[in-house]
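Student: Please select one part of this model and examine it closely. I should like a single connected account that begins with its side chains and then relates that part to its surroundings.

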Amino acid sequence: MATLTIRNLDEGTKAQLRIQAARHGRSMEEEARTILREAIEAKQPSAATKQGLGSRIHAHFAPLGGVELELPERSSQPSPAQFGADA
């Protein structure tokens, strides 16, 4: 385990950390570790999901339901683009 020393921490921040740690039933040191861990993990993409962007968007909106659209039949074959004076 590594050791981290934080210098020049103002008294107000230290007091708020002490109060928050007491609310959570932890030591100030454990509270600081928890805060740092959660802040770092919040910035990281979730390694547990390993989903791509499209899958995450789908999962986000899936509870809203979807719409099934009927695709029209193609009436003609596509033709290649014509370039030049004959176009």
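**Salt bridges and surroundings of helix 2**

Tutor: R33 and E29 both belong to helix 2, which spans residues 28–43, and the four residues that separate them amount to about one turn of the helix. The model is a predicted one, and the following account takes this pair as its starting point. The side chains of R33 and E29 form a salt bridge, with N and O 3.0 Å apart. The two partners differ in their exposure class: E29 is exposed, because its relative accessible area of 57% is over the 50% limit. R33, at 37%, is partly exposed.

R33 has a further partner in E30. Here the closest N and O atoms are 2.5 Å apart, and the contact is again a salt bridge. R33 and E30 stand three residues apart in helix 2, so about one helical turn separates them. E30 is partly exposed, with a relative accessible area of 25%. Since salt bridges with shared partners join residues together, E29, E30 and R33 form one network.

How many salt bridges does a search of the whole structure find? The search finds three. Two have been described above, R33 with E29 and R33 with E30. Another joins the side chains of R26 and E31, at 2.7 Å from N to O.

The residue E31 deserves separate attention. E31 also lies in helix 2. Is E31 buried or exposed? Its relative accessibility is 1%, and E31 therefore counts as buried, the limit being under 20%. Its salt-bridge partner R26 is partly exposed, with a relative accessible area of 32%. The side chains of E31 and R26 are also joined by a polar contact of 2.7 Å. Which residues does E31 touch when neighbours within four places in sequence are set aside? They are L17, Q20, A21, H24 and R26. The buried carboxylate residue E31 thus has its salt bridge with R26, whereas the exposed residue E29 has its salt bridge with R33.

Between helix 1 and helix 2 there is a loop, and S27 lies in it. At 42% relative accessibility, S27 counts as partly exposed. The C-alpha atoms of S27 and Q44 are 26 Å apart in space, and the two residues are 17 apart in sequence.

Helix 2 also takes part in the largest pocket of the model. The space in this pocket is about 590 Å³. As a general point, rolling a probe the size of a water molecule over the atoms shows where empty space is left. The lining of the largest pocket consists of 17 residues, and those that lie nearest its centre are I6, E29, A32, R33 and L36. E29 and R33, which are members of the salt-bridge network, are therefore also among the residues nearest the centre of the pocket. Helix 1 (11–23) and helix 2 each provide at least two lining residues, and helix 2 contributes the most, with six. By residue class, the lining comprises 10 nonpolar, four polar and three charged residues.

Some residues in other parts of the chain complete the picture. N8 is placed in the segment before helix 1. What is notable about the phi of N8? It is near 60°, a positive value in a residue other than glycine. In general, most residues other than glycine have a negative phi. N8 is exposed, its relative accessible area being 82%.

Beyond helix 2, A59 lies in helix 3 and counts as partly exposed at 45% relative accessibility. A59 and L69 are 10 residues apart in sequence, and their C-alpha atoms are 20 Å apart in space. P80 is found in the segment after helix 3, which covers residues 53–61. With a relative accessible area of 61%, P80 is exposed. The C-alpha atoms of P80 and T34 are separated by 62 Å, the two residues being 46 apart along the chain.

To return to the starting point, R33 is the residue that forms salt bridges with both E29 and E30, while E31 is buried and forms its salt bridge with R26.

Definitions and conventions: Residues numbered from 1 in each chain as written. Predicted model: local features only at pLDDT ≥ 70, side-chain atom pairs only at ≥ 80, totals over all residues. Heavy atoms only, no water. Buried < 20%, exposed > 50% of the residue type's maximum accessible area, 1.4 Å probe, protein only. Salt bridge = Lys/Arg side-chain N within 4 Å of Asp/Glu carboxyl O. 1 Å grid on protein atoms, 1.4 Å probe; cavity = no way out; pocket = protein on both sides within 12 Å on 5 of 7 lines; lining within 4 Å. Points joined across faces, edges and corners; volume = space filled by probe spheres on them. Nonpolar A, V, L, I, M, F, W, Y, C, P; charged D, E, K, R; others polar. Polar contact = N/O pair within 3.5 Å; in protein donor to acceptor, adjacent residues only side chain to side chain. Contact = heavy atoms within 4.5 Å.
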